[in-house]
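Here are a few notes to read alongside the structure. Have a look at it, then work through the points in order.

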Protein chains: 2
Amino acid sequence: MLTEVITVLTDRQLLIFQVIVDDFIQTAQPVGSRTLSKKEEISFSSATIRNEMADLEELGFIEKTHTSSGRIPSEKGYRYYVDHLLSPQKLNQHDIHKVQSIFAERIYELEKIVQKSAKILSELTNYTSIVLGPAVRDNKLKRIQIVPLNKETAIAIIITDTGHVENRMFHLPENIDAGDLEKVVNILNDRLAGAPLESLNNKLYKEVAVLLRHHISNYDLMLNSIADTIKIPAYDKLFFGGKTNMLSQPEFHDIEKVKNLMNMIEQEKGIYDLLSKNKSGINIKIGRENNNSAMENCSLITASYSIGTEQLGTIAILGPTRMEYSRVISLLNYISADLSSVLSKLYQNR
Amino acid sequence: MLTEVITVLTDRQLLIFQVIVDDFIQTAQPVGSRTLSKKEEISFSSATIRNEMADLEELGFIEKTHTSSGRIPSEKGYRYYVDHLLSPQKLNQHDIHKVQSIFAERIYELEKIVQKSAKILSELTNYTSIVLGPAVRDNKLKRIQIVPLNKETAIAIIITDTGHVENRMFHLPENIDAGDLEKVVNILNDRLAGAPLESLNNKLYKEVAVLLRHHISNYDLMLNSIADTIKIPAYDKLFFGGKTNMLSQPEFHDIEKVKNLMNMIEQEKGIYDLLSKNKSGINIKIGRENNNSAMENCSLITASYSIGTEQLGTIAILGPTRMEYSRVISLLNYISADLSSVLSKLYQNR
DNA sequence: GTTAGCACTCTTTACCCCCGAGTGCTAATT
DNA sequence: AATTAGCACTCGGGGGTAAAGAGTGCTAAC
């Protein structure tokens, strides 16, 4: 187990540190002692501040960009700021109004609500928002449907209890007729309806296979196609908002950084990894804490949304390390609570 | 009707112009007379070249970036190059191999094939590829299905003859039972199956409404929900490949340009407009011909793919005006032909 | 008609210098 | 003992100048 050295900062150091972070978050410019001394909340001279800053730097909370520059928060500094100095921000009327517009229209599809949340969130923050869509993994099967398109192909459709629909085309075995198909579908629904999607594959081969054998000759081909359809959602869907917002951040004037980040966003796999392994509640990962070179100058704040106690998905904001943590956290909290309550009302009694 | 002034260039001017364009496409650097005079295919002095270039500039085919710079092709120049000087390029073995990998796996879904095409195309060209997915507009309805999820909500699913599936949740009228629903579904399929999606809305209100009235009390609410489901695909889907490839092009070192372009790509509406109004075959739009400020330094080459004679969708490459036109055109031709033939085999007899 | 030669233009790069913002340290002040 | 004024020093950025390099247009010679 790691032992954390608890650093005790004096009140004055704390004050200076906080003002440095707040100022840097706003301006993106290194903060010097003169600038600080002019702030209302600071009543001592620049020399004093310089001394304190030297100490704060020694402790690793702030750093210089070059020998005679002002200071910027280090990653450790942001971590401390986030852990100890964050005061929850009240959302203003405009924010609240916009968030509630997500649920203004009568929308029933989970996915659409989630997508709209991503959009609104990115508009409110000017950062990039990412939403990991509702996990279908633990949905339960509502119905399987097979619709033949012509003699050779048919389309298999599965519907889950949350209204999620997956479909896939497959090749029909030769010499199968409509009656056979109907029997197959009946057996499938009989045996599998109500079962969690995760368990379907297993059940399919263990319980259904035997039954199918009695009814159609070329059953194995069909079985594989159905198994294919069932296992489609390997990853849950990702929704993005404001993918290009990062381009407006001064830290991304360097095209190379942009390219790295955008590439990761496009690939989705990396993002998926970042989002999926978070616990419930608010999670904050700062810079290299994300273990991802493209995220060097970025922070990721995630929150989960749920139906009742069942965690459904994750909603996140990706921004520069110099991010408005307080505001973003408030927003995420607010949206995820709203999302959870609306979704619960809609789907609780499924 | 516009009268086009036909400009006759001497063979030598043509040669010089072609070499300028080819060189600039490769290097992205303005081409000077000295550089040209060193080329194998050019056997006259730099002074002669300078004279010819002055003429070419007067005619508007090339331009200078500043008074004493080399020349770059103008938009008019690219247009001429594309219209008169393009020699079809043979694809190499590697290209052909990669293209054919699109169809290597047995995939039946139109969308997946199309998506894979976009990916491969962007990898082969290092530009951004865009595919306008199969138009569902003129698909014909295969089947409508309604699956109740609980007492209040149900999900309506429509399946088209090409295997496209759309679904939408809706609120069930109160006091409707499973038998009623089945009747509704039967009526719908009876009346609408085989009809083009476009005509469904009309038919629904004109023919089906009367029938429904006899069977369920609250039929109008239901009717509207079904109408909603049917009209979902307002725009055909867009698929992208290599969205970030543009970032590697030297003309996009300027962050502002990148932002403009990326924003347009993200919004999709603009892209949709650019793609949807093209005729069959290869279309080339250079720079401002696209009528879109974000496309100032870009060219768009589109090709259509089809089943039989029915145009299905569009496949396109978005790159800088300094684009490898010849190669891209060959690739697009090749892929669209392959796409068309494979899709025809799969769906001809639908 | 072609080309060698030349003066001229413009960009790029480097270099220098100076200014401003900031620092750390020391000595004086409270 | 803590705070602050003062000062020497450092570094980045902006402006200016100079030289190099690539290119042009024009003229005169071939």
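1. Which residues come nearest to DNA strand C? Of the 21 residues around that strand, the nearest are A:Ser33, A:Met53, B:Thr48, B:Thr67 and B:Ser68. Sugar and phosphate make up 71% of the strand C atoms that come within 4 Å of the protein. Keep in mind as you read that this is a predicted model.

2. Let's put some distances on strand C. The side chain of B:Thr48 has an N or O atom 2.6 Å from a phosphate oxygen of DNA strand C. B:Arg12 also reaches a phosphate oxygen of this strand, with a polar side-chain atom 3.0 Å away. For B:Thr67, the partner of the side-chain N or O atom is a sugar or linking oxygen of DNA strand C, at 3.0 Å.

3. Which elements build the surface near strand C? At least two residues each come from α2 (33-37) and α3 of chain A and from α3 of chain B. The biggest share is that of α3(B), which gives four residues. By residue type, the surface near DNA strand C splits into three nonpolar, 13 polar and five charged.

4. Now for DNA strand D. Here 21 residues are around the strand, and A:Thr48, A:Thr67, A:Ser68, B:Ser33 and B:Met53 come nearest. Of the strand D atoms within 4 Å of the protein, 74% belong to sugar and phosphate.

5. The polar contacts of strand D are worth finding on screen. A:Ser45 uses a backbone N or O atom, 3.1 Å from a phosphate oxygen of DNA strand D. B:Lys64 has a side-chain N or O atom 3.4 Å from a phosphate oxygen of that strand. B:Arg50 goes for a base instead: a polar atom of its side chain lies 3.1 Å from a base nitrogen of DNA strand D.

6. On the strand D side, α3 (46-58) of chain A, along with α2 (33-37) and α3 (46-59) of chain B, each supply at least two residues of the nearby surface. Here α3(A) gives the most, with four residues. Three nonpolar, 13 polar and five charged residues form the surface near DNA strand D.

7. Away from the DNA, take a look at the second largest pocket, which holds about 580 Å³ of space. It is lined by 22 residues, and those closest to its centre are A:Arg143, A:Gln145, B:Arg143, B:Gln145 and B:Glu182. Both chains take part: β4 (141-148) and α7 (178-192) of chain A, and β4 (141-148) and α7 (178-192) of chain B, each give two or more residues to the lining. That lining divides into 12 nonpolar, six polar and four charged residues.

8. Is A:Pro134 buried or exposed? This residue sits in the loop between β3 (128-132) and β4 of chain A. Its relative accessibility is 14%, so A:Pro134 counts as buried. Beyond its sequence neighbours, A:Pro134 touches A:Leu110, A:Val114, A:Asp236, A:Tyr305 and A:Leu312. A:Val114 is 20 residues away along the chain, with 8.2 Å between the two C-alpha atoms.

9. Lastly, two backbone angles in chain B. Most residues other than glycine have a negative phi. B:Asn126, however, has a positive phi near 65 degrees, and lies in the loop between α6 (110-125) and β3 (128-132) of chain B. B:Asn291 has a positive phi too, of about 55 degrees. Its place is the loop between β8 (283-286) and β9 (298-307) of chain B, and with a relative accessible area of 70%, B:Asn291 is exposed.

Methods
Residues are numbered from 1 along each chain as its sequence is written. Chains are lettered from A and ligands numbered from 1 in the order in which they are written. This is a predicted model: local features need pLDDT of at least 70, side-chain atom pairs count only at pLDDT 80 or more; totals for chains, interfaces and linings use all residues. Side-chain values use heavy atoms; hydrogens and water are left out. A residue is near a molecule or strand if one of its heavy atoms lies within 4 Å of it. A polar contact is a pair of N or O atoms within 3.5 Å; within protein, one must be able to donate a hydrogen and the other to accept it, and residues adjacent in sequence count only if both atoms are side-chain atoms. Ala, Val, Leu, Ile, Met, Phe, Trp, Tyr, Cys and Pro count as nonpolar, Asp, Glu, Lys and Arg as charged, and the others, Gly among them, as polar. On a 1 Å grid over the protein atoms alone, a cavity is a set of points where a 1.4 Å probe fits but cannot get out, and a pocket is an open set with protein on both sides within 12 Å along at least five of seven lines; lining residues have an atom within 4 Å of a point. Grid points are joined across faces, edges and corners, and a volume is the space filled by probe spheres set on the points. Buried means under 20% relative accessible area, exposed over 50%, partly exposed in between (1.4 Å probe, protein chains only). Contact means heavy atoms within 4.5 Å. Lists of a residue's contacts leave out its neighbours within four places in sequence.
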